[in-house]
Amino acid sequence: QVQLVESGGGLVQAGGSLRLSCAASRNIFGLNAMGWYRQAPGKQRELVAIMSNSGRTNIADSVKGRFTISGDIAEKMVSLQMNSLKPEDTAVYYCNVGVMRGTYYSANYWGQGTQVTVSS
């Protein structure tokens, strides 16, 4: 079965940093990108960052300049470096594997999520 496992979440004070990592099972074919969504209580799920196997990345305006996505998509590994964290970054972060074509992105597989809590 397809599995995605996230790690690196936790508690951090405002201004601190965390690094999230995700490893997906290798039995995934035909998908060329990985990324991160997040969802805070009472808010819509938000696409945070994506990266294609060609190295193309897209970062949400809300985290641009603070978050960086990196990884090896062919190896089904991706990380999200989060700096200068703010309380509004508090959310469950979900790793995903999907398809990126131009500005289009569709997430096909999801991890169970990792909690990030930023205290004020």
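# Questions and answers on an all-strand chain

Tutor: Ser 79 sits in strand E8. Keep in mind that this is a predicted model. Let's start from that serine and work outwards.

Student: Happy to. Is Ser 79 buried or exposed?

Tutor: The cut-off helps here: a residue counts as buried under 20% relative accessible area. Ser 79 has a relative accessible area of 12%, so the word for Ser 79 is buried.

Student: Which side chain makes a polar contact with the side chain of Ser 79?

Tutor: Begin with what Ser 79 touches beyond its sequence neighbours: among them are Arg 19, Leu 20, Ser 21 and Trp 36. Thr 68, Ile 69 and Ser 70 are touched as well. The polar contact, side chain to side chain at 3.4 Å, is with Ser 21.

Student: And which residue of E7 is the bridge partner of Ser 79?

Tutor: Strand E8 covers residues 77-82 and runs antiparallel to E7, joined to it by 6 bridges. In that pairing, Ser 79 is the bridge partner of Ser 70.

Student: In what order do the strands of that open sheet come?

Tutor: There are 4 strands in the open sheet, with antiparallel pairing. Strands E1 (4-7) and E7 (67-72) each have a single partner strand, so they stand at the edges with one side lacking a neighbour in the sheet. From one strand to the next, the twist averages 15 degrees. Read across, the order is E1-E3-E8-E7.

Student: What holds strands like these together in general?

Tutor: Strands of a sheet can be parallel or antiparallel, and in either case they pair through backbone hydrogen bonds.

Student: Let's turn to cysteines. How many disulfides are there, and which residues do they join?

Tutor: A search of the whole structure finds 1 disulfide. Its S to S distance is 2.0 Å, and the residues joined are Cys 22 and Cys 95.

Student: How many residues apart are Cys 22 and Cys 95?

Tutor: Cys 22 belongs to strand E3 (residues 18-24), while Cys 95 belongs to strand E9 (residues 91-101). The pair therefore links distant parts of the chain, and the separation is 73 residues.

Student: Are those two cysteines buried or exposed, and is their link left-handed or right-handed?

Tutor: Cys 22 and Cys 95 are both buried. The angle about the S-S bond is -85 degrees, and the link is left-handed.

Student: How many of the residues of E9 are buried?

Tutor: E9 has 11 residues, and it is largely enclosed by the rest of the structure because most of its length is covered by the "buried" label: the count is 8 of the 11.

Student: Which strands does E9 pair with, E4, E10 or E11, and over how many bridges?

Tutor: With strand E11 (residues 114-119), E9 pairs in the antiparallel sense over 3 bridges, and there Ala 91 is opposite Val 116. With strand E10 (residues 104-110), the antiparallel pairing has 6 bridges, and Gly 98 faces Ala 107. Strand E4 (residues 33-39) is also antiparallel to E9, with Ala 33 opposite Gly 98. So the partners include each of those named: E11 with 3 bridges, E10 with 6 and E4 with 7.

Student: Which residue in the turn between E9 and E10 has a positive phi?

Tutor: E9 and E10 form a hairpin, with 2 residues between the strands. The phi in question is about 65 degrees, and the residue is Gly 102.

Student: Now a loop. How far apart in space are Ser 84 and Ser 17?

Tutor: Ser 84 lies in the loop between E8 and E9 and is partly exposed, at 42% relative accessible area. Ser 84 touches Gly 15, Gly 16, Ser 17, Arg 66 and Asp 89, leaving aside residues up to four places away in sequence. Although Ser 84 and Ser 17 are 67 residues apart in sequence, their C-alpha to C-alpha distance is 6.2 Å.

Student: Last one: what is the radius of gyration of the chain?

Tutor: The chain has 0 helices and 11 strands. For 120 residues the globule rule gives 14 Å, and the chain comes close to that, so it is as compact as a globular protein of that length. Its C-alpha trace spans about 40 × 30 × 25 Å along the principal axes. The radius of gyration is 13 Å.

Note on methods: Residues numbered from 1 in each chain as written. Predicted model: local features only at pLDDT ≥ 70, side-chain atom pairs only at ≥ 80, totals over all residues. Heavy atoms only, no water. Pairing = 2+ DSSP bridges. Axes fitted to C-alpha atoms, helices over the stretch in contact; angles between N-to-C directions. Disulfide = S-S within 2.5 Å. Buried < 20%, exposed > 50% of the residue type's maximum accessible area, 1.4 Å probe, protein only. Polar contact = N/O pair within 3.5 Å; in protein donor to acceptor, adjacent residues only side chain to side chain. Contact = heavy atoms within 4.5 Å. Rg over C-alpha atoms; globule rule 2.2 N^0.38 Å.
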